[in-house]
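Here are some friendly notes to keep beside you as you look at this structure for the first time. Take the points in order, with the view open.

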Amino acid sequence: MATTTTFMTAAELLAMPDDGFHRYELVKGELITMPPAGGEHGAIGSRADRRIGNYVEQNDLGEVFNSDTGFIISTDPDTIRAPDVSFLRKESIPADGIPKGFIPGAPDLAIEVISPTDSYTEVAEKVAQLLEAGTQLVVLIDPRTRTIALHHHDGAIDRLTEADTLKFGDALPGFECPITELFV
């Protein structure tokens with residue numbers, strides 16, 4: 001018996017009604033449902049979002065987005081990824097401004113907090129897709145091990161512990177945050 005997979009487009013995903021509970025992404029046209037992640041995940045993501053957002057705003061560097069923001073990182077079939085926190089430099093923002101719908105292209109910086117329901121394989125796939133699409137730096141925050149991995153566009157990976165200071169290098173020059181400030 002043959003199995004048929006129905007593919008969805010970015011436009012169809014954008015038109016879906018908000019069920020008020022799940023988040024969705026598209027991976028090569030297939031709808032991925034993500035349940036709410038929980039308190040620890042939300043607190044860590046919020047801490048990262050505030051610190052990065054305050055720095056970006058104070059220095060007029062661009063825009064920071066939360067996990068409700070989808071980025072079209074490939075088409076035909078469409079892949080829409082929504083990092084927990086993302087950053088676009090001023091020069092990366094479309095000329096006609098921030099779109100009401102999904103943002104075309106990859107964010108310059110993407111931060112993912114690994115959820116209790118995430119498998120490391122799924123997370124690695126998302127990191128690879130974002131880097132392939134042009135994200136300069138993907139930051140993985142792992143509450144289980146209380147560590148952070150910086151995945152650079154050139155393939156280098158830096159691993160940090162709570163004793164370190166988080167810096168984004170060229171992806172967001174000048175930003176610094178003690179890692180202990182992110183974990184709950």
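1. Where does P77 lie? P77 is in the loop between strand 4 and strand 5, where helices (H or I, at least four residues) and strands (E, at least two) are DSSP runs numbered from the N terminus. The peptide bond leading from D76 into P77 is cis, with omega near 0°. As background, most peptide bonds are trans, and most residues other than glycine have a negative phi.

2. A word on the source. This is a predicted model, in which local features need pLDDT of at least 70 and side-chain atom pairs count only at pLDDT 80 or more, while totals for chains, interfaces and linings use all residues. Residues are numbered from 1 along each chain as its sequence is written, and side-chain values use heavy atoms, leaving out hydrogens and water.

3. Now to helix 2 (39-58). Its 20 residues should span 28 Å at 1.5 Å a residue, and the end C-alpha atoms are 28 Å apart, which agrees; the expected span is 1.5 Å times one less than the number of residues. Just beyond helix 2 comes D60, with a positive phi near 50°.

4. Which residues of helix 2 are buried? They are H41, I44, G45, A48, I52, G53, Y55 and V56, buried meaning under 20% relative accessible area, exposed over 50% and partly exposed in between (1.4 Å probe, protein chains only). Viewed down the axis of helix 2, these buried residues fall within an arc of 165°, so they line one face of the helix; the arc is that of the directions from the helix axis to the C-beta atoms. On the face turned away from the buried side you will find the exposed residues G39, E57 and Q58. The buried residues pack against strand 3 (62-66), strand 6 (85-89), strand 8 and strand 9 (137-142), with contact meaning heavy atoms within 4.5 Å.

5. Helix 3 (120-133) can be read in a similar way. The 14 residues of helix 3 should span 20 Å at 1.5 Å a residue, and its end C-alpha atoms are indeed 20 Å apart. In helix 3, V123, K126, V127, Q129, L130 and L131 are buried. The strands they pack against include strand 1, strand 4 (71-74) and strand 10 (147-152). Just after helix 3, G134 takes a positive phi of about 120°.

6. Next, the largest pocket, with a volume of about 700 Å³. A pocket here is an open set of points on a 1 Å grid over the protein atoms alone, where a 1.4 Å probe fits, with protein on both sides within 12 Å along at least five of seven lines; lining residues have an atom within 4 Å of a point. The volume is the space filled by probe spheres set on the points. Of the 35 lining residues, R23, M34, S115, D118 and K126 lie nearest the centre.

7. The second largest pocket has a volume of about 430 Å³. Its lining has 19 residues, with L13, R23, Y24, D68 and F102 nearest the centre. Helix 1 (10-15) and strand 1 each supply at least two of the lining residues.

8. Finally, two loop residues to look at. K28, in the loop between strand 1 and strand 2, has a positive phi near 50° and counts as exposed at 51% relative accessibility. R146, in the loop between strand 9 and strand 10, has a positive phi near 55° and is partly exposed, at 27%.
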